[in-house]
Amino acid sequence: LRRRNLFLLETHQSPLSQLRRSAMAEGLPAATSIVSLDRAGRAGDLSEGFARLEEAAKVKGEAIGVAVAVPSSVEAIAEWARGLERRGIRLTALPL
């Protein structure tokens, strides 16, 4: 992963998971998503995920969300992202 400038993103949250911890112990960049924005690639599901993601970002100072890369999700995310700054949230790339 390191040689290819990639990182590990764990998308399932389980209190028993050791994946992120193990990767970091090996010096690999790793992160865990907080919110799954869509459940089946349906844009209708994203508004609830956006609200949870924004709340987590405000409380923790950062949040990671994941979504299926289907046109409806990509369009919904683009529309949502346009209003983030006026709500006090900055969208950034994940640091490696």
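These legends go with close-up views of a predicted model.

**Figure 1. The whole chain, a mix of 3 helices and 4 strands**. Start at the N terminus and the elements come in the order β-α-β-β-α-β-α. The protein has 96 residues, and 27% of them are buried. Among contacts with a separation of 6 or more, 50% join residues that sit 24 or more positions apart.

**Figure 2. Helix α2 from end to end, residues 46-60**. The helix has 15 residues, so at 1.5 Å a residue it should span 21 Å. Its end C-alpha atoms are indeed 21 Å apart, in agreement with that figure. Right after α2 comes Gly-61, with a positive phi of about 85°.

**Figure 3. The two faces of helix α2, one buried and one exposed**. Which residues of α2 are buried? They are Leu-46, Gly-49, Phe-50, Leu-53, Glu-54, Ala-56 and Ala-57. These residues take up an arc of only 165° around the axis, so they fall on the same side of α2. The spacing has a simple background: an α-helix makes a turn every 3.6 residues, so positions three or four places apart point the same way. On the face turned away from the buried side you'll find Ser-47, Lys-58 and Val-59, which are exposed. What do the buried residues of α2 pack against? Their partners are β3 (35-36), β4 (65-66) and α3 (71-82).

**Figure 4. Leu-46, a buried residue of helix α2**. Leu-46 counts as buried because its relative accessibility is 0%, and the cut-off is under 20%. Skip the neighbours within four places in sequence, and Leu-46 is in contact with Leu-37, Asp-38, Ser-73, Ala-76 and Ile-77. Take Ala-76 from that list: 30 residues separate it from Leu-46 in sequence, yet their C-alpha atoms are 7.4 Å apart in space.

**Figure 5. Lys-58, an exposed residue of helix α2**. Is Lys-58 buried or exposed? Its relative accessible area is 52%, and exposed means over 50%, so Lys-58 counts as exposed. Lys-58 still has partners: not counting residues up to four places away in sequence, Lys-58 touches Arg-87 and Ile-89. With Ile-89, the sequence separation is 31 residues and the C-alpha to C-alpha distance is 7.7 Å.

**Figure 6. Glu-10, a residue of strand β1**. Glu-10 has a relative accessibility of 11%, so this residue counts as buried. Leaving out neighbours within four places in sequence, the residues in contact with Glu-10 are Ser-17, Leu-19, Arg-20, Ala-31, Thr-32 and Ser-33.

**Figure 7. The largest pocket, with about 1,100 Å³ of space**. The lining has 44 residues, and the closest to the pocket centre are Glu-62, Ala-63, Ile-64, Gly-65 and Leu-94. Elements that put two or more residues into this lining are β1 (8-10), α1 (19-25), β2 (30-32), α2, β4 and α3. Which element gives the most to the lining? That's α2, with 5 residues. Sort the lining residues by type and you get 26 nonpolar, 10 polar and 8 charged.

Note on methods
Residues are numbered from 1 along each chain as its sequence is written. This is a predicted model: local features need pLDDT of at least 70, side-chain atom pairs count only at pLDDT 80 or more; totals for chains, interfaces and linings use all residues. Side-chain values use heavy atoms; hydrogens and water are left out. The expected span of a helix is 1.5 Å times one less than its number of residues. Buried means under 20% relative accessible area, exposed over 50%, partly exposed in between (1.4 Å probe, protein chains only). The arc is that of the directions from the helix axis to the C-beta atoms. Contact means heavy atoms within 4.5 Å. On a 1 Å grid over the protein atoms alone, a cavity is a set of points where a 1.4 Å probe fits but cannot get out, and a pocket is an open set with protein on both sides within 12 Å along at least five of seven lines; lining residues have an atom within 4 Å of a point. Grid points are joined across faces, edges and corners, and a volume is the space filled by probe spheres set on the points. Ala, Val, Leu, Ile, Met, Phe, Trp, Tyr, Cys and Pro count as nonpolar, Asp, Glu, Lys and Arg as charged, and the others, Gly among them, as polar.
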